[in-house]
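Hi there,

Here is the structure I promised to pass on to you. Have a look at it first, and then read on for my notes.

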Amino acid sequence: MLKVWGRKNSSNVQKVMWACGEMKVPVERIDLGGPFGGDKEPPYLALNPNGLIPTIEDGDLVLWESNTILRYLTAKHDMGGLYPADLRERAGADRWMDWQLTTAGPALTPLFLQLIRTAANKRDAKIIEDSRMKTGNVLKIFDAHLAKNDYAGGKRFTMGDIPLGIVVYRWFQFAIEHPNLPALKAWYDRIAARPAFQEHVVSVGLT
Ligand SMILES: N[C@@H](CCC(=O)N[C@@H](CS)C(=O)NCC(=O)O)C(=O)O
């Protein structure tokens, strides 16, 4: 069975679990990282020298980098579905996956670390405000795309929606002022109706 290494409240592990849930691929997930530790120990570093989660083992294939894992698993199990066969649709999905890693994720991370992982009396208001502004501004770019497209890749749900679905879930949970982004909200409501998203993201919550 496919093995996934990593704690279930990691956004990057959730990408893999959500995709497997969508495709009904059975998974053995092993808790690692955060309070579980083990991610900087030699046996795990032999699988993933970055000491980060997730890593998967699929037979004798060992793979890390969450979005690469997402591409591999969806291509293997759902070619033409979650993994678009059409080159243009795939490029659209790929583009928003890369944008999550390079742009939206880094904008949001300080907000997450401050509001979820830092005690209230140790929080830095400037870091929170900078990250709030930056995230709102970058998500306006995705909102403009969604005003003309139902999903990241175009007309239908694909792998391209998964990384940003988790970013936007987190962003909406924070008790901060959010800019009004109606197309993003409508897209998020479509995402939130998916049972695999509910199981692997919403029900895990923010910790
Ligand atoms: N670019 C990597 C980033 C992986 C990453 O930063 N993972 C975080 C969790 S989301 C991690 O391993 N943190 C250390 C820990 O959980 O102990 C990916 O997308 O897989």
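The centres of domain 1 and domain 2, taken over C-alpha atoms, are 22 Å apart. Please keep in mind that this is a predicted model. The domain assignment places domain 1 at residues 2-77 and domain 2 at residues 87-194.

**Where the two domains meet**

I began with the interface. On one side, 14 residues of domain 1 make contact, and they do so with 16 residues of domain 2. About 1200 Å² is buried between domain 1 and domain 2, and carbon and sulfur atoms give 59% of that area. Three residues of domain 1 stand out here: W18, N67 and R71 supply 44% of the area that domain 1 buries against domain 2, more than any other three residues.

There is polar chemistry across this interface too. Between domain 1 and domain 2 there are 6 residue pairs in polar contact, counting pairs with both residues at pLDDT 80 or more. Which helices of domain 1 face domain 2? Both α1 (11-23) and α3 (66-77) supply at least two residues each to the side of domain 1 that touches domain 2. Of the elements on that side, α1 gives the most, with 6 residues. By type, the residues on that side of domain 1 come to 3 nonpolar, 6 polar and 5 charged.

The rule also finds 3 salt bridges across the interface of domain 1 and domain 2. If you want some charged pairs to look up in the viewer, try R194 and E22, whose side chains meet in a salt bridge at 2.8 Å, N to O. Another pair is D98 and R71, with a salt bridge at 3.1 Å, N to O. D98 sits in helix α4 (residues 87-117) and R71 in helix α3, so this pair ties together parts that are 27 residues apart in sequence. D98 is partly exposed, with a relative accessible area of 39%.

**Other salt bridges**

The structure holds 10 salt bridges. One of them joins the side chains of K76 and D58, at 2.7 Å from N to O. This pair links distant parts of the chain, with K76 in helix α3 and D58 in strand β3, 18 residues apart. Is each partner buried or exposed? K76 is partly exposed at a relative accessible area of 45%, while D58 counts as buried at 16% relative accessibility. The cut-off for buried is under 20% relative accessible area, which is why D58 falls on that side.

D130 and K126 form a salt bridge of another kind, with their closest N and O atoms 2.8 Å apart. Both residues lie in helix α5, 4 residues apart, or about one turn of the helix. D130 is partly exposed at 39% relative accessible area, and K126 is exposed at 55%. Salt bridges that share partners also join R71, D94 and D98 into one network.

**Inside the helices**

Helix α7 (residues 182-192) has several buried residues: A183, L184, W187, Y188, I191 and A192. What covers them includes α1, α5 (125-146), α6 (162-173) and α8 (195-202).

S131 is worth a look as well. This serine lies in helix α5 and counts as buried, at 3% relative accessibility. Which backbone atoms does the side chain of S131 reach? One is the backbone oxygen of A107, at 2.6 Å, and another is the backbone nitrogen of L111, at 3.1 Å. Leaving aside residues up to four places away in sequence, S131 touches A107, L108, P110 and L111.

**Backbone details in the loops**

The peptide bond from I53 to P54 is cis, with omega near 5°. P54 lies in the loop between α2 (42-47) and β3 (55-58).

Two residues other than glycine have a positive phi. For K24, phi is near 55°; this lysine lies in the loop between α1 and β2 (27-30) and is exposed, with a relative accessible area of 72%. For E65, phi is about 85°. E65 lies in the loop between β4 (61-64) and α3, and counts as partly exposed at 40% relative accessibility.

Happy browsing, and best wishes!

Notes: Residues numbered from 1 in each chain as written. Predicted model: local features only at pLDDT ≥ 70, side-chain atom pairs only at ≥ 80, totals over all residues. Heavy atoms only, no water. Domains from an automatic or database assignment. Contact = heavy atoms within 4.5 Å. Buried area = accessible area lost by both parts, 1.4 Å probe. Salt bridge = Lys/Arg side-chain N within 4 Å of Asp/Glu carboxyl O. Polar contact = N/O pair within 3.5 Å; in protein donor to acceptor, adjacent residues only side chain to side chain. Nonpolar A, V, L, I, M, F, W, Y, C, P; charged D, E, K, R; others polar. Buried < 20%, exposed > 50% of the residue type's maximum accessible area, 1.4 Å probe, protein only.
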